[in-house]
Amino acid sequence: MCEANAYIRRNGQDQLILEAVDKLIPQAGQVSMINIFGQQKTIKARIIELALVDHKIILEELQEER
């Protein structure tokens, strides 16, 4: 299997946000993900690391503009 788990990095710690991600769609100011179970998440973040051998996607949350 080629899926990866998606994590958000906060204060140097990686927090799991979605397992078994099959599709990752970067968009302006956000990232959409769909896993093999059909679950979908869209978060305001940017991709900071793809560790494909380790099956990890690391995201960094974007701050809201005021």
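What follows is a chat about the strands, turns and a few side chains of a predicted model.

Visitor: Before we start, what kind of model is this?
Guide: This is a predicted model, and everything I tell you should be taken with that in mind.

Visitor: Okay, so what order do the strands of the sheet come in?
Guide: The open sheet has six strands in the order β4-β3-β2-β1-β6-β5, and the pairing among them is mixed. The edge strands are β4, which covers residues 40-43, and β5, and each of these pairs on one side only.

Visitor: And how much is the twist from one strand to the next?
Guide: From one strand to the next, the twist averages 45°.

Visitor: Let's take β2 and β3, how many bridges join them?
Guide: Strand β2, residues 13-27, is joined to strand β3, residues 30-35, by six bridges, and the two strands run antiparallel. If you want to find the pairing in the structure, look for leucine 24, whose bridge partner in β3 is methionine 33, and for isoleucine 25, which stands opposite serine 32 in β3.

Visitor: What's in the turn between those two?
Guide: The hairpin of β2 and β3 has two residues between the strands, and glycine 29 in that turn has a positive phi of about 80°.

Visitor: Does β3 go on to pair with β4, and if so, how many bridges are there?
Guide: Strands β3 and β4 are joined by four bridges and run antiparallel. Methionine 33 can be followed across here as well, since its bridge partner in β4 is lysine 41. These two strands form a hairpin with four residues between them, and in the turn glycine 38 has a positive phi of about 90°.

Visitor: You mentioned serine 32, is that one buried or exposed?
Guide: Serine 32, which lies in strand β3, counts as buried because its relative accessibility is 12%, and buried means under 20%.

Visitor: What does its side chain make a polar contact with?
Guide: The side chain of serine 32 is joined to that of threonine 42 by a polar contact of 2.9 Å. If we leave aside neighbours within four places in sequence, serine 32 is in contact with several residues, including Lys23, Leu24 and Lys41.

Visitor: What about asparagine 35, where is that?
Guide: Asparagine 35 is in strand β3, and this residue is buried, with a relative accessible area of 4%. Its side chain has a polar contact of 2.6 Å with the side chain of glutamine 39. Not counting residues up to four places away in sequence, asparagine 35 touches Leu18, Glu19, Ala20, Val21 and Asp22.

Visitor: New topic: which strand holds asparagine 5?
Guide: Asparagine 5 is in strand β1, which covers residues 4-10, and it is partly exposed, with a relative accessible area of 23%. A polar atom of its side chain lies 3.0 Å from the backbone nitrogen of alanine 20. Apart from neighbours within four places in sequence, the residues in contact with asparagine 5 include Leu16, His55 and Ile57.

Visitor: How far is asparagine 5 from aspartate 54?
Guide: Although asparagine 5 and aspartate 54 are 49 residues apart along the chain, their C-alpha atoms are separated by 9.2 Å.

Visitor: How do β5 and β6 run, parallel or antiparallel?
Guide: Strand β5, residues 45-51, and strand β6, residues 56-61, run antiparallel and are joined by six bridges. Alanine 45 is a useful place to look, since this residue stands opposite glutamate 61 in β6.

Visitor: Which residue has the positive phi in that hairpin?
Guide: That is histidine 55, with a phi near 60°, in a hairpin that has four residues between its strands. Histidine 55 is not a glycine, although its phi is positive, and it is partly exposed, with a relative accessible area of 34%.

Visitor: And what is phi like at asparagine 11?
Guide: Asparagine 11 has a phi near 50°, again a positive value in a residue other than glycine. You will find asparagine 11 in the loop between β1 and β2, where it is exposed, with a relative accessible area of 82%.

Visitor: Last one, about rings: how many aromatic pairs are there?
Guide: The structure holds zero aromatic pairs. There is, however, a lysine to look at beside a ring, since lysine 56 lies over the face of tyrosine 7, at 5.1 Å from the ring centre.

Conventions: Residues numbered from 1 in each chain as written. Predicted model: local features only at pLDDT ≥ 70, side-chain atom pairs only at ≥ 80, totals over all residues. Heavy atoms only, no water. Pairing = 2+ DSSP bridges. Axes fitted to C-alpha atoms, helices over the stretch in contact; angles between N-to-C directions. Phe/Tyr/Trp six-rings, centres within 6.5 Å; stacked < 30°, edge-to-face > 60°. Lys NZ or Arg CZ within 6 Å of the ring centre and 35° of its normal. Buried < 20%, exposed > 50% of the residue type's maximum accessible area, 1.4 Å probe, protein only. Polar contact = N/O pair within 3.5 Å; in protein donor to acceptor, adjacent residues only side chain to side chain. Contact = heavy atoms within 4.5 Å.
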